[in-house]
Amino acid sequence: AASAEGTMAEPRTLLTKEPAPQAVPVAQLPMKVVEVALNTGPHSSCGLATAGFRTAKYLPHEWHEHHHGLTLEAAVGCEQAERCCREARSLARSTAAAAQHAQQDSTATLGQRLQDIHFWKAELQKEIEDLVAETGLLAAQKVRLERALDATEVPYAIATDNLQCRERRQHPDLVRDQVEIELLKEAELIRNIQELLKRTLMQAVNQMRLNRDHKEVCEMDWSDKVETYNIDEKCGRYNNQSTNIQFHPGSVKFEESASTPETWSKFSHDNIYRAEREKLASVNLRALIDSILHDVSEDLRLQCAAVNEAFAKRCEELEDAKHKLEFHLKNTLKEIGDQEANIAALKQAIKDKEAPMKVAQTRLYDRSFRPNVELCRDPAQFRLISEVEELTESIESLKKKLLESEQSLRNLEDTRMNLEKEIAVKTNSIFIDKQKCMAHRTPYPGVLKLAGYQ
């Protein structure tokens, strides 16, 4: 009874095994009358004569020994039972404490594990967000590249159109001048820029694909971390009073494919390292795209300015040449008019010499009929002869000068035609360079459009 009260007085503890059965307290049992069978067998110690008085009875010392043995056995059994109860209670307390400590240790370990998972999960989430943001920035740069590539079509069309228009210049203005050299440089520059932008655009597309691939890897890792975090968090909330716990004997084993803490952390570290490397490559590519677009826009605008300057100088040269030609044409036309008047005057002068010649020759003819000695070489005869010679020489000089004047007039006419033709050529060249080419260059895109901002 005292042992039972001691057991009831101890604090209740949570046991992990089925408790031993409680000892039953000693109680007085009712006496049972037992009829002892008579020893009447063939080996009976009593003879037939004492069959009524001698039975199979124990001797007194046997009774004492038997009684002593029973009491000793009872005492030993009670002592063993009490010791067993004490040991059971002690074992129950120690196992309960050990189980509670092990559970607390496991819960703490799970808590530490949750912190590790949360750390890597946060790092992966940050890396995913950084990759998403970086991919968005790179996508914006890709759009700038596409806009810049589209914007180069207008300058290239302008340059090729200028070259084709200037092929319609007439000789001798169909010359490989500085304007044509600058236009060819501009067309070649635009082709090279287009190739560069296309290559850079392919690099941006490939880098965006790599960014998305590594983002997906990090997302898969992050998703596994989230699922694992939820599992471990649920496991950390389990306690002895939970209703959804049960026995799983087969769970106490390690999976062959299970990772170690080192390989587990290295896996996430490598994923983040590779993602960081691709992010850095993306950042460098964006800086390269900025530099390329800035240099491209500057080069195109500088070359455009060089072409415009060459056009302006060439148009100025053509205008100056045209003005000089017009000045010479004006002078030539004046000279042609003067020469025509001169030729008319010479013809009139030659015609005016006919009458004096007729007079002189008629006088000589009439004087040749003087009779006999009167046919004398007198001074009058010599003067008439010299007059005829002078008139003949004057007429020859006038005819020679007339021929020279007519040749000069023809030369002036040829010069006039050449000047007029050259002026027409210069007018055509000025029209092509100024009206066709320079006017067509007015919609040349600006720096912002060439840099892909518009």
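**Salt bridges and burial in an all-helical model**

At a relative accessibility of 19%, Asp270 counts as buried (under 20% relative accessible area, against over 50% for exposed and values in between for partly exposed, with a 1.4 Å probe and protein chains only). The structure is a predicted model, in which local features require pLDDT of at least 70 and side-chain atom pairs count only at pLDDT 80 or more, whereas totals for chains, interfaces and linings use all residues. Residues are numbered from 1 along each chain as its sequence is written, and side-chain values use heavy atoms, with hydrogens and water left out.

The side chain of Asp270 is joined to that of Lys266 by a salt bridge with an N to O distance of 2.8 Å (a side-chain nitrogen of Lys or Arg within 4 Å of a carboxyl oxygen of Asp or Glu). Both residues belong to helix 5, which spans residues 261-352, and their spacing of four residues corresponds to about one turn of the helix (helices are DSSP runs of H or I with at least four residues, strands are runs of E with at least two, and numbering starts from the N terminus).

A second pair in helix 5 consists of Lys334 and Asp338, which are likewise four residues apart and thus separated by about one helical turn. The closest N and O atoms of this salt bridge lie 3.2 Å apart. Lys334 is exposed, with a relative accessibility of 52%, while Asp338 is partly exposed at 39%.

Arg383 and Glu390 form a further salt bridge, with 3.9 Å between the closest N and O atoms. Both partners are partly exposed: the relative accessible area of Glu390 is 44%, and the value for Arg383 is 46%.

Salt bridges also connect several residues into a network, comprising Arg166, Arg169, Asp177, Glu180, Arg314, Glu317 and Asp433. In total, 33 salt bridges are present in the structure.

At the level of the whole chain, eight helices and zero strands are assigned, and the order of elements from the N terminus is α-α-α-α-α-α-α-α. Of the 454 residues in the chain, 27% are buried. Among contacts with a separation of 6 or more (heavy atoms within 4.5 Å), 89% link residues 24 or more positions apart. The exposed area of the chain amounts to about 31,400 Å², of which 58% is supplied by carbon and sulfur atoms (Shrake-Rupley method with a 1.4 Å probe; for residues, only the protein chains shown count as cover).
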